[in-house]
Structure formats: C-alpha cells, structure tokens
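Please open the structure in a viewer and keep the sequence panel beside it. The tour below proceeds by selection, with a short account of what each selection shows.

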Amino acid sequence: MTPAETAQGEATLRGLLDLVRPDLARAATAMWRSVRTADAYRRWLLTSYDLVVATAPLLADALAESVRRGETELARYFAGQVTEETGHDVWLAEDYAAAGGDPRDLAGRVPGAAVARLAGAQYYYVRHAHPVALLGHIAVLEWNPPLKGAAARLAERVGLPREAFRTLAAHAELDLGHGAALERLLAGLPLDAGRRRLVTTSALASVRGLVELLAELTAPPVSPAATAAGETGPDRTRPDRAAPDPTLGAAP
C-alpha cells in the first residue's frame, strides 16, 4: 500500500462526509433549536446517555477483534480510545442530576430503537466484517464537534446551571483532539479498496442513524396513551431546511 493510496482513504471519507454533512447539519440545527426548555434538554441527556453507555464496550469489542486479527495499529488506537471514552456515561449522569433529573431514571432504561440501530450497526460491522469499520462511525462523531461556547449559550436559553452542560462543553474541546488523532491514523493506515468501502459504508450508516435520532429528539414527545392509539406525532423523518445555527454547531 503506497502513501498515495493510504491518503486516498482519508480523502475519500472526508469527501463523502462533506457531501452528506448538510443533511446532518440540518437535522442537528432543527434539534438544537427545539431545545428551549429544561425538559427538552433532559430528554437530550437521556438519549445521549443511552448512546454513550455503549461507546466504551463497542471500542473494547473493536480492540479485541483487532488483537484477534493481528491488527496491531488498529488495536493500539482502540486501546487509547477505550481509555479516553470510559466514564463519559458518568459525566452525562452527573449533568442529568444537575439539570434536575432523577438519577434513578437512568437505571434499567430501555433505549429507543433509533439508538439501538445506530450503535447496533457498528457491533455488526466490527464482529462480522472488520473492526476498521468503526473508524467511519468515529469520524462522523469526532469530525462534527459542538462549537465552543455552545454549552454556555444553551444554559442561558433553557435556564439551567452551567454544571448541567459539562459534557457538552468538554466535547467541544475533546472532539478536536480525537478528530485529529483519527486523521493521523487514517493517513498512515494501509486501506485497500475493500476496507475503504467498509469505512465509508459504516460512516454513511452512522449519518443516517444520527439524522433519524435527531429527528426523534426534535419531534414533540408522544405520550404512551397516544402511542397506544396509533398517534405518532408529526413526521420528522425529513429534517427541515433551516440554515445551520452558528451558535450551537452541527452536532451535539
């Protein structure tokens, strides 16, 4: 694998994500504009907790599979990521408590189907294709960080203390470093055409899953009674065409 071919892997992924970024940005913008109350923000925290609680175990699976396959460079990267991401679910639990939520809400939660589909696709790719696929998922998340200052502006908007926004504020900084680390890995990782296709397929699956998840968060909550009656609320599967909100960024 030549340096030009490995660089092509990163360029292909970057180019693909640039093409689909407007869809993700519109969905994120619509979601963040809908977060105008403490209840709406706590709903975002609960959903984020459901997703983040799977992150370290997913990375650990990718690490184990990389070791099994003798993928030394991938294994080294995933080992570092496990360390970096462990405990972020605790951060979200603390933010939820600071936002006035009952920590007992987190125990025994049944994650929504959109969360399960988003994380579950990566478990499938890691276990049944190749752990390199997870890099596409990570790229979608780490290359779309929250904007600096977004947490403070959101705190003022919804009327909650800044202690309830520590995870959001931290990721505005952390994701920049994580995104750069991923770029360095992709620049040096030998990726043939099949593995490049797997990484980009994983990335596209994650974009689609995030758009679905953000649309669910944007839609007003549906009561159990309404769900039983077959009322699902407005159709949010296609996010509105509002321009990206520069105050909050394209991703949570």
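How many helices and how many strands does the secondary structure of the protein chain contain? The chain has 11 helices and 0 strands. The model is a predicted one.

**The whole chain**

Begin with the entire protein chain in a cartoon representation. Followed along the sequence, its elements give the pattern α-α-α-α-α-α-α-α-α-α-α. Of the 252 residues in the chain, 46% are buried. Contacts between residues 24 or more positions apart make up 86% of those with a separation of 6 or more.

**Helices α3 and α6**

Next, select residues 55–69, which form helix α3, together with residues 113–128, which form helix α6. Two packed helices are described by the angle between their axes and the distance between the axes. For α3 and α6 the angle is about 10° and the axes are 9 Å apart. At such an angle, α3 and α6 are therefore roughly parallel to each other. Show the side chains where the two helices meet: Pro57, Leu58, Asp61, Ala62 and Glu65 belong to α3, while Gln122, Tyr123, Val126 and Arg127 belong to α6. By class, the residues of this contact between α3 and α6 comprise 5 nonpolar, 1 polar and 3 charged.

**Helices α4 and α7**

Now select helix α4, residues 72–85, and helix α7, residues 134–142. Their axes come within 13 Å and cross at roughly 40°. Helices α4 and α7 are therefore oblique to each other. The crossing in which α4 passes α7 is left-handed. On the α4 side, the contact is made by Leu74, Tyr77, Phe78, Gln81 and Glu85; on the α7 side, by Leu134, Leu135, Ile138 and Glu142. The contact of α4 with α7 contains 6 nonpolar, 1 polar and 2 charged residues.

**Helices α7 and α9**

Keep α7 displayed and add helix α9, residues 166–188. Helices α7 and α9 pack at an angle of about 145°, and their axes are 9 Å apart. Their crossing is left-handed. From α7, display Leu135, Ile138, Ala139, Leu141 and Glu142; from α9, display Asp175, His178, Gly179, Leu182, Leu185 and Leu186, since these residues make the contact. They divide into 7 nonpolar, 2 polar and 2 charged. Leu135, Ile138 and Glu142 of α7 take part here, and they also appear in the contact with α4.

**Helix α5 and the residue Gly100**

Select residues 88–98, which make up helix α5. Which residues of α5 are buried? They are His88, Leu92, Ala93, Asp95 and Tyr96. When α5 is viewed down its axis, these buried residues lie within an arc of 160°, so they line one face of the helix. Among the elements that cover the buried residues of α5 are α2 (38–52), α4 and α9. Just after α5, select Gly100, which has a positive phi of about 95°.

**Helix α8 and the loop that follows**

Move to helix α8, residues 150–158, where Ala150, Ala151, Leu154, Ala155 and Val158 are buried. Seen along the axis of α8, the buried residues fall within an arc of 135°, so they line one face of the helix. Gly159, just after α8, takes a positive phi of about 75°.

Then select Leu160, in the loop between α8 and α9. Is Leu160 buried or exposed? Leu160 has a relative accessible area of 14%, and buried means under 20%; Leu160 is therefore buried. Neighbours within four places in sequence aside, Leu160 contacts Ala38, Tyr41, Ala99, Ala155 and Phe165. Draw a distance from the C-alpha atom of Leu160 to that of Ala98: the separation is 8.3 Å, although the two residues are 62 residues apart along the chain.

**Leu198 in helix α10**

For the final stop, select helix α10, residues 193–218, and find Leu198 within it. Leu198 is buried, and its relative accessible area is 15%. Which residues does Leu198 touch, not counting those up to four places away in sequence? They are Tyr125, Ala129, His130, Val132 and Ala133. The C-alpha atoms of Leu198 and Gly136 are separated by 8.1 Å, and these two residues are 62 residues apart along the chain.

Technical notes:
Residues numbered from 1 in each chain as written. Predicted model: local features only at pLDDT ≥ 70, side-chain atom pairs only at ≥ 80, totals over all residues. Heavy atoms only, no water. Buried < 20%, exposed > 50% of the residue type's maximum accessible area, 1.4 Å probe, protein only. Helix = DSSP H or I, 4+ residues; strand = E, 2+ residues; numbered from the N terminus. Arc of directions from axis to C-beta. Axes fitted to C-alpha atoms, helices over the stretch in contact; angles between N-to-C directions. Parallel < 35°, antiparallel > 145°, perpendicular 65-115°, else oblique. Left-handed = near helix turned anticlockwise from the far one by under 90°. Contact = heavy atoms within 4.5 Å. Nonpolar A, V, L, I, M, F, W, Y, C, P; charged D, E, K, R; others polar.
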